[in-house]
Amino acid sequence: MCRSIKTLRPPVLPEEATEEEIRAAALQYVRKVSGFRAPAAHNKEVFDRAVDVVAQATAELLDGLEIRSQGRQLAPESAA
């Protein structure tokens, strides 16, 4: 879809994604879908609201994902 949106989940990004990274991904998504790099003044409110909604949905997605490969990597240490 949009090559400039980077993967924000582990193990691609070992630490948690920051709010800034989530918002940047949301902005790229909205730009791609709308076809506008920057909206005209009369579209700014709806554009910014879309970025907020996509960023919130992205944060909820990342918070809810279960990354099983991490569990397997941690299992030997927790068994010790």
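**Exercise 1. Place Asp48 in the model: is Asp48 buried, partly exposed or exposed?**

Solution. Start with the accessible area: Asp48 has a relative accessible area of 26%, so Asp48 counts as partly exposed. The cut-offs are under 20% for buried, over 50% for exposed and partly exposed in between, using a 1.4 Å probe and protein chains only. Next, find its element: Asp48 sits in helix H2. Last, look across to Val30, 18 residues away along the chain: the two C-alpha atoms are 8.9 Å apart.

A word on the ground rules. This is a predicted model, where local features need pLDDT of at least 70 and side-chain atom pairs count only at pLDDT 80 or more, while totals for chains, interfaces and linings use all residues. Residues are numbered from 1 along each chain as its sequence is written, and side-chain values use heavy atoms, with hydrogens and water left out.

**Exercise 2. Work out which elements make up the protein chain.**

Solution. Count the elements to get three helices and zero strands. Here helices (H or I, at least four residues) and strands (E, at least two) are DSSP runs, numbered from the N terminus. Reading along the sequence then gives α-α-α. For burial, take the 80 residues of the chain: 19% of them are buried. Now for contacts, meaning heavy atoms within 4.5 Å: among those between residues at least 6 apart in sequence, 60% join residues at least 24 apart.

**Exercise 3. Find where the buried residues of H2 lie around the helix.**

Solution. Begin with the span: H2 has 21 residues and reaches 30 Å from first C-alpha to last, close to the expected 30 Å. That expected span is 1.5 Å times one less than the number of residues. Then list what is buried: Phe47, Val51, Val54, Ala55 and Thr58. These residues cover an arc of only 105° around the axis, so they share the same side of H2. The arc is taken from the directions from the helix axis to the C-beta atoms. Turn to the other side and you meet exposed Glu45, Val53, Asp63 and Gly64. Finally, ask what the buried residues of H2 pack against: H1.

**Exercise 4. Do the same for H1: which residues are buried?**

Solution. H1 has 16 residues and reaches 22 Å, close to the 22 Å expected. Its buried residues are Ile22, Ala25, Ala26 and Val30. Seen down the axis they fall within an arc of 135°, so they line one face of H1. What covers them includes H2. Just after H1, Gly35 takes a positive phi of about 85°.

**Exercise 5. Describe the second largest pocket: what is its volume?**

Solution. The volume is about 170 Å³. Of its 13 lining residues, Lys6, Leu8, Thr58, Leu61 and Leu62 are closest to the centre. A pocket is an open set of points on a 1 Å grid over the protein atoms alone where a 1.4 Å probe fits, with protein on both sides within 12 Å along at least five of seven lines; lining residues have an atom within 4 Å of a point. H2 gives the largest share of the lining, four residues.

Key
Grid points are joined across faces, edges and corners, and a volume is the space filled by probe spheres set on the points.
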